[in-house]
Amino acid sequence: MNRGLFIAFEGIDGTGKSTQLQLLADYLRSRGLEVVETREPTDGPYGRRIRELYVDRGSCTPEEELDLFIQDRKQHVAEVIAPALASGKAVLSDRYYYSTAAYQGAAGCDPDRIFSANSFAPVPDMVLLLTMDPEVSVQRIEQSRGETCNDFEQLEQLKKVADLFAGFSDNCITRIDAARTVDQVQADIRRVVQPLLGSG
């Protein structure tokens, strides 16, 4: 069994997950690893439907929304994550089932039931949970990105999501303070990921 390495990046919107994932991918490649960068929602049929909800979240019920995320993840695991891990690659995912538990939990679904519904999904070797005050993350979205917050990024919603993330206690979760500079955050990430890489 030459199982690869699986790291998921989690946290509320605006914490820099995509940036930090790319930097870690570059670093792992420099260490000789084959890296697969992926994200959820995916670009598949369920993921595209989820992205439509960004502008009109009221177009389906919380239960229907949750089902879309589950179906998208089943396809993601089967087509991307599981094959890459089986071939010994490092998989870095921008969001995973912790985001579903937090975001759909904040929408009224039971987080424990969400975790149970994701029992088919491989458990990551490490979850890098990037933390930040929701007020700061909204400011980043609006000012740094020059974007308007979508239906998933409203401040009151993000506060609920952040509270749920704060309550998750799985052993694979490592919390990283994302309110610092990009370089400081990346240095922290490399430090905590190092033990997973072994020697050499």
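These legends describe close-up views of a predicted model.

**View A. Five strands in an open sheet.** The strand order is β2-β3-β1-β4-β5, and the pairing is parallel. β2 (35-39) and β5 sit at the edges, and each pairs on one side only. From one strand to the next, the twist averages 20°.

**View B. The pairing of β2 with β3.** Strand β3 covers residues 90-94. Five bridges join β3 to β2, and the two run parallel. Within this pairing, V36 has V91 of β3 as its bridge partner.

**View C. Helix α1 on the sheet.** Helix α1 spans residues 17-30 and packs on the sheet. The strands that α1 touches are β1, β2, β3 and β4. The direction of α1 makes about 170° with that of β3.

**View D. Helix α3 across three strands.** α3 lies across β1, β2 and β3. Relative to β2, α3 runs at about 160°. Residues 62-86 make up α3.

**View E. Helix α4, mostly covered.** α4 runs through residues 97-106, and ten of its ten residues are buried. Three tyrosines are among them: Y97, Y98 and Y103. The buried set also includes S99, T100 and Q104, as well as A101, A102, G105 and A106. After α4 comes G108, with a positive phi near 115°.

**View F. The packing partners of α4.** The buried residues of α4 pack against three strands: β1 (5-10), β4 (126-131) and β5 (173-177). They also pack against the helices α3, α5 (111-117) and α7 (155-167). One of these partners, β5, is an edge strand of the sheet.

Methods. Residues are numbered from 1 along each chain as its sequence is written. This is a predicted model: local features need pLDDT of at least 70, side-chain atom pairs count only at pLDDT 80 or more; totals for chains, interfaces and linings use all residues. Side-chain values use heavy atoms; hydrogens and water are left out. Buried means under 20% relative accessible area, exposed over 50%, partly exposed in between (1.4 Å probe, protein chains only). Helices (H or I, at least four residues) and strands (E, at least two) are DSSP runs, numbered from the N terminus. Contact means heavy atoms within 4.5 Å. Two strands pair if DSSP finds at least two bridges between them. Axes are lines fitted to C-alpha atoms, for helices over the stretch in contact, and angles run from 0 to 180 degrees between N-to-C directions.
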